[in-house]
Amino acid sequence: MAAHSLSPPLSRLLFTVKYVSLHSRCCAVHSKAHYSTVYNPNEKTFDKILIANRGEIACRVIKTCKKMGIQTVAVHSDVDSSAVHVKMADEAICVGPAPTNKSYLNMDAIMDAIRVTGAQAVHPGYGFLSENKEFAKRLAAEGVMFIGPDTHAIQAMGDKIESKLIAKAAKVNTIPGFDGVVKTAEDAVKIAQEIGYPVMIKASAGGGGKGMRIAWNDDETREGFRFSSQEAASSFGDDRLLIEKYIDNPRHIEIQVLADKHGNALWLNERECSIQRRNQKVVEEAPSTFLDPVTRRAMGEQAVQLAKAVQYSSAGTVEFLVDSKKNFYFLEMNTRLQVEHPITECITGLDLVEQMIRVAKGYQLQHKQEDIPINGWAIESRVYAEDPYKSFGLPSIGRLSQYQEPLNLSNVRVDSGIQEGSDISIYYDPMISKLVTYGATRNEALAKMEDALDNYVIRGVTHNIPLLREIITHPRFISGDISTNFLPEVYPDGFKGHQLEVDARRELLASAAALYIAAQLRSQKVLGDQRVSTIPVKCTHWELCVELGKGCHAMEVTKSGDVYNVEVDGGKVEVIGAFNLASPLLPLTINGSDRIAEHFLTPPCLSHTLNSYMPEKVPEDTSSILRSPMPGTVVAVSIKPGDTVAEGQEICVIEAMKMQNSLTAARQAKVKSVHCKPGETVGEGDLLVELQ
C-alpha cells in the first residue's frame, strides 16, 4: 500500500491525544511576576545571603536577591549538585548526602557553609530549618541574621500547644481541645472521648499536613497517635502531639501578616486554601469567594493581634478554619514564608521576600494598612510529580525527559526549581512547580489557569495536571462551593480522569485521525520535498480506524489544505490545523472552537502489529500479595512468616517524600513470606509480602 493511501484493512493509530479546551489564547510573550521589587541603592541591607533550602523556594529567594543587588549562596545535597538553584546562585556548597537529616537539616554543615562563604544572613525558605528555633539561635550566636522572626516567636508559634494558649490570651478565636501534650495512645483515646469524636491529632511542631490524622473512633485514635508521632519525629525531630475537636466540612482560610521590629504589623488579606488532599493544599486562591469585608477585617485584625502578642517581625501566616456560618477558629501560625505566598503578591503588588529582607535588616514597613489593596484575583495550582489516580496523588519519581512551562501566556507565573533533565527523587517533596495565574476577575484568572494547564508539558514522570484541570473546571469549584472535603465528596471513588461526553469524544477521535494523516503525509517528504522524484498521487480521502480505550471507531476523512472533515460515530467534525509535529502542543480549531492538543506521536512499527498476537496478561491476585504502591523506604514491618493477619490489619509502613503510608491486608490469611525489612528502599510495584 502506498504511504499516502490508507484503505482497509484499516490502520491503527499509535498515539494518544490529550483533549483540552482553550480560552482566549494569547500570543503575546508575557512573564511578569506581578509583584514589585524596587531596589533602593541607598537602603543598605546585606552583601551576601545564604539560602538554607532547595528547589523552587530557593530559586524564588535568589531572584529577589539578584534584583536587590545581593550575592547569594546555595547549599545542596550531593544529588542536587546540578539543581537549578545551585546554578542560579553566585556560590554553592555541598552540605551532605541525599537524606535530609544529613544535608538540608544538617545544621553543623550549614553553619560551616556560612563561615566559609562569609554570608551575613540566612533565608530559610519554608520547611527544613525554617521554623527551627535552635537554628535561629545558632545563627544569632555567630552574628548572622536569620531572615524571619526571632526565636521567641518561632518557639511560641511553632509549638501548637503554646500557640493556642497565646492565641486565647490575645482574644483570638480557638478550637475546643486539650491544651497539653498527649503522652500515650491510651491518653489520646481518653482525651478524644472527653472532647467527642471526630478529633484531629496533630504534631505540636511543624505543619504542611505532616503528622496529622483525623480519628472517628478509639481504634483510629490509637493508630493516628502512632503515625502522627512517627511522622512528626521524622519531619520535625519532635514527636509531641495535641488533640482538638475536628470541625467537619470547614474551609481553610489563612491571613498573610507582615510585621517589623518597630511594633508595626499589617494583614495582607486572605488566601483560600480549602482544596486539599491528605491535609496538604493543592489549589489556592486570593481573595476568597466566601469572605465578606466584615469577616475579612475581623480575621485580619485577630491575626495582627496574635502577631503583636509574640512581638512578631517578618512575613508570617495565621491559619483559620471557617465554618458554614463564617465563624472562624485559629488553627496555627506559620512563622515563615508560605508556599502559596505568590497569590498574595499578585493581588497586593508586594514582594514578600524583599519585605522579609528589609525587616531583618531593621527597616520599618513602607506601608500602612489602608495602603494594602485587593487588586484582581490570583489562583495557584501546585503541580506535583504524583499519580492523581492513586489516593489523589501518590509520589512518582523519574527524570523529566521533556519540560515546557506555559510562560508564553500572559498573566502566568511559574515558580519552579527544575528544568528538562532534572530528576524527581524519593528524598524530597514531589512538587514540580507552583503555577499561578492572575486576572482582573476570578473568571479571568480561572480561564488563564485552564489555558496554562493545557499548555504545560511534563514528560518523564506522572503528574497531577489532569486532576488540577478537573478541579478548576468543576461546577462546584467555579461556584465557590468548596471545603476541605471537596476532593472526597466530588470523587468518592477516587479520581478517574476526565470523563468524555459524546461530542467531546467525537472531537478527540477526529483530532487523532487528522494528526495521524498529517504525520503520514509528512513522512513522505525529506526536507520538505517528496521522497521520490515522480509526481505523487494526491490523496484527499482516507478510511481509518481509531482506537480509544478498548473501542475501535471507524471514520472517513477528507482533507483540503489545513481543513480535515471527519465523519465518525454518526456525526461530522471539522478540524483545522497546520500540525507542526515538532512541537508537543498543537493549536487546533475544532468545529469553530479553539483547542490545544498535546500529542505523543509514535510511528507505526512492527512491535505494535505483533503485540496483538501476544497472550493477554492475566490480572494478578492482589488478595494474596502486597506490592508497594509507590517508591519509598520501609519504615516498619508488623508481621513475620507464619503469622495470621486479619482483613485490614497493618502489614508494613512505607515512607515516601516524608509521608508515611500504612499498607494493610486485603483479607484474613497466613503470612507465607516477607520480602522487605525496615530501612530498605523499594520501588513502585515491588513485592513486599505474600499471603497463603
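"Buried" here means under 20% relative accessible area. Keep that in mind as you click around this predicted model.

**Stop one: a covered helix.** Select residues 502-523, which make up helix α16. By that cut-off, 16 of its 22 residues are buried, so the helix counts as mostly covered. Put a distance between its first and last C-alpha and you get 32 Å, close to the 32 Å expected at 1.5 Å a residue.

**Stop two: a buried acid.** Now pick D260, in the loop between β10 (251-259) and β11 (265-277). What is the nearest side chain of opposite charge? That's R358, 7.2 Å away, and D260 has no salt bridge even though it is buried. Show the backbone instead: the D260 side chain reaches the backbone nitrogen of H262 at 2.9 Å. It also reaches the backbone nitrogen of L365, again at 2.9 Å. Beyond its sequence neighbours up to four places away, D260 touches Y312, S313, V359, Y363, Q364 and L365.

**Stop three: the cores.** Nonpolar side chains tend to be buried together in soluble globular proteins. For the largest nonpolar core, with 37 residues, start from those with the most contacts inside it: V283, I432, L435, Y456, I458, I471 and F477. Elements giving two or more residues to this core include β12 (280-286), β22 (431-439) and α12 (442-454).

Zoom in on I432. Leaving aside neighbours within four places in sequence, its contacts include V383, Y403, I418, Y456, I458 and H463.

Last, select I57, M68, A315 and V339: they are among the 32 residues of another core, which lies apart from the largest one.

Note on methods: Residues are numbered from 1 along each chain as its sequence is written. This is a predicted model: local features need pLDDT of at least 70, side-chain atom pairs count only at pLDDT 80 or more; totals for chains, interfaces and linings use all residues. Side-chain values use heavy atoms; hydrogens and water are left out. Helices (H or I, at least four residues) and strands (E, at least two) are DSSP runs, numbered from the N terminus. Buried means under 20% relative accessible area, exposed over 50%, partly exposed in between (1.4 Å probe, protein chains only). Lys and Arg count as positive and Asp and Glu as negative; His and the chain ends are not counted. A salt bridge is a side-chain nitrogen of Lys or Arg within 4 Å of a carboxyl oxygen of Asp or Glu. A polar contact is a pair of N or O atoms within 3.5 Å; within protein, one must be able to donate a hydrogen and the other to accept it, and residues adjacent in sequence count only if both atoms are side-chain atoms. Contact means heavy atoms within 4.5 Å. The expected span of a helix is 1.5 Å times one less than its number of residues. A nonpolar core is a set of buried Ala, Val, Leu, Ile, Met, Phe, Trp, Tyr and Cys residues joined through side-chain atoms within 4.5 Å.
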